[in-house]
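The following exercises are to be worked with the sequence and the coordinates at hand. Each task is followed by a solution that proceeds step by step.

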Amino acid sequence: MPSPRPEPGAEAAAAPPPGCPAHAAGAGPGGGADGLRRLFGPEADTDPMRLYEKLRSEHGPVAPVLLPGDVRVWLVLGHRENLEVARTPSLFSRDSRHWHAMREGRIPPDHPLAPLTTWQPLCVFADGMEHQRLRQALTDSLSRFESRGIRRYVIRFTHQLIDGFENAGQADLVEQFADQLPLRVITQLFGMEEEYGPQLVKAAKDMIQGTETAVESNDFITDTLQRLVERKRVEPAHDVASKLIEHPAGLSDDEVREHLRVTLVSANEPTVNLIANTLRMLLTDRRFRATLAGGHMTLPDALEQVLWDEPPMTTNIGRWATGDTQLAGRQIKAGDMLVLGLAAGNVDPAVRPDLSVPLHGNRSHLAFSAGPHECPGRDLGRAIADTGLDTLLSRLPDLRLAVPQEELRWDSALMSRRLVALPTSFTPPRRTGRPRPGETSASARQPLPPTEPVAGAALGTQVRPTALPGDAAAAGAVPSSEPERGTGWAAVRRRLRGRGR
């Protein structure tokens, strides 16, 4: 759960009054051109949430800030203001061709922002009817797999990952689990060979962090997906790539490729962070774990609380003003860029005066943005995280943090704050018929299960993961090593299964 909000006026007392030339960053380490604070560099990397609160106290719900290259933009900090921008594409467009910095040539192809802002023929850069055409093709193609078939993919890959480290009795659940699971599922849905997975994980992470090699990473992803589209044109199958190609919207190869790319990025990195953040919260926050163990919260509830407190993406780039307008008293000029402050909006005092109050069942957070451009991979991400965590806790019922909480570290980037590692320890559970790593069995040799939709089993519904043949853990059986009493994960999972699971 989030740290207590700073005392009212604490930041304001140290800050110069609004309008003062020393206002905002001044000569501090985060200062840049015009004395504005940077959303990159030491201050932002050390504690982005603290930076957002400084900006809120200095500027209110909309603050002028700098992006890489000291490009001036607006950061939207207020919850209501974020919704206004996200839900009004007529005033705040997703078409980056409105951006004066882009038109003036200040964002060359090798700029760190180029992969995120250069216009492409896909739904995230379109509005109106064109957006509807492209977005419908994507959602229709994904919906062909919105069933418990996806959950069975997740269970299968979760077991494979755990098989690789459970004998050691310890694991880094970021590197060995959260980093690996989402893209294994996504590459299967796309119809890709599994060997592409590790390289795509690295490239997707690098691109979304806006590093100096972001352009090269974007090129690798683009080239890989282009070869996939060319192959699926000749050899279609039951996968997302083939469904996009076959869709009545008649997408070009470029449009198919770019929609696969945006789905990969939007479903992978946020899901990695959601899994890691939820695990960290479960292992370190006694209030959080006690609420689960006491039956006052289900695992889907826990995920939603994390989406409020530690959203997978801290910001979203971007929106561009189609004309001169006002937002929270700020004069926004035509062509100005606005960055949605998702994490800052989620802790806006106007909607959350007390951050310690739980928000069970409340999905009005900004974790997936909002409006017509709400993240298309949100339901896929929820399903991967929910099912993967449920299966992990079943296999490792006495999972615990292996280092002091204070030693955990994060990497902060332009759009996300990523847990570097989550060292854990556990008692290797006794076998219940599952093969050891490297061994085979009848169930291990079976092909992946079909993913045709099952009526009434949409991705957003609460569906108990389907058990695989010979899989006692996924079927809900308690492994023989699970403690029968106490506050371990066995007790938590029994409570969860009694609350709609």
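Two residues are in contact when heavy atoms lie within 4.5 Å. With that cut-off, residues 24 or more positions apart account for 73% of the contacts in the chain with a separation of 6 or more. The model is a predicted one.

**Exercise 1. State how many helices and strands the chain has, and what share of its residues is buried.**

Solution. The secondary structure comprises 20 helices and 12 strands. For burial, the cut-off is a relative accessible area under 20%. Of the 501 residues in the chain, 56% count as buried.

**Exercise 2. Determine the strand order of the open sheet of 5 strands, and identify its edge strands.**

Solution. Step one is the order, which reads E1-E2-E8-E5-E3, with mixed pairing. Step two concerns the edges: strand E1 (62-67) and strand E3 (92-93) each pair on one side only. Helix H3 (residues 48-59) packs on this sheet, where it touches E1 and E2, and its direction makes about 130 degrees with that of E1. Step three examines one pair inside the sheet. Strand E2 (residues 71-76) and strand E8 (residues 337-340) run parallel and are joined by 3 bridges. Within this pair, Val 76 stands opposite Leu 340 of E8. Finally, helix H4 (residues 79-86) lies across E1, E2, E3, strand E5 (316-321) and E8, and runs at about 125 degrees to E8.

**Exercise 3. Analyse the open sheet formed by 3 strands.**

Solution. The strands follow the order E4-E12-E9, and their pairing is antiparallel. Strand E4 (170-172) and strand E9 (400-401) stand at the edges; each has a single partner strand, so one side of each lacks a neighbour in the sheet. Between E9 and strand E12 (residues 423-425) there are 2 bridges. In E12, Thr 424 is the bridge partner of Leu 401.

**Exercise 4. Test whether the length of helix H14 agrees with the expected span, and decide whether H14 is enclosed or not.**

Solution. Helix H14 (residues 253-284) has 32 residues, which at 1.5 Å a residue should span 46 Å. The C-alpha atoms at its ends are 47 Å apart, which agrees with the expectation. As to its surroundings, 30 of the 32 residues of H14 are buried, so H14 is largely enclosed by the rest of the structure.

**Exercise 5. Describe how H14 crosses helix H18 and helix H12.**

Solution. Two packed helices are described by the angle between their axes and the distance between the axes. The axes of H14 and H18 (residues 378-395) come within 9 Å and cross at roughly 40 degrees. An angle from 35 to 65 degrees, or from 115 to 145, counts as oblique; H14 and H18 are therefore oblique to each other. Their crossing is right-handed. Among the residues of H14 that meet H18 are Thr 271, Ile 275 and Leu 282, while those of H18 include Gly 381, Ile 384 and Leu 392.

The axes of H12 (residues 214-234) and H14 also come within 9 Å, and they cross at roughly 125 degrees. H12 and H14 are therefore oblique to each other, and this crossing is right-handed. The residues that meet here include Asn 218, Leu 225 and Arg 233 in H12, and Asp 253, Arg 257 and Glu 258 in H14.

**Exercise 6. Is Thr 158 buried or exposed, and which residues does Thr 158 contact?**

Solution. Thr 158 belongs to helix H8 (residues 148-163). Thr 158 has a relative accessible area of 0% and is therefore buried. Apart from neighbours within four places in sequence, Thr 158 is in contact with Phe 177, Leu 181, Gly 388, Thr 391 and Leu 392.

Definitions and conventions:
Residues numbered from 1 in each chain as written. Predicted model: local features only at pLDDT ≥ 70, side-chain atom pairs only at ≥ 80, totals over all residues. Heavy atoms only, no water. Pairing = 2+ DSSP bridges. Helix = DSSP H or I, 4+ residues; strand = E, 2+ residues; numbered from the N terminus. Axes fitted to C-alpha atoms, helices over the stretch in contact; angles between N-to-C directions. Expected span 1.5 Å × (residues − 1). Buried < 20%, exposed > 50% of the residue type's maximum accessible area, 1.4 Å probe, protein only. Left-handed = near helix turned anticlockwise from the far one by under 90°.
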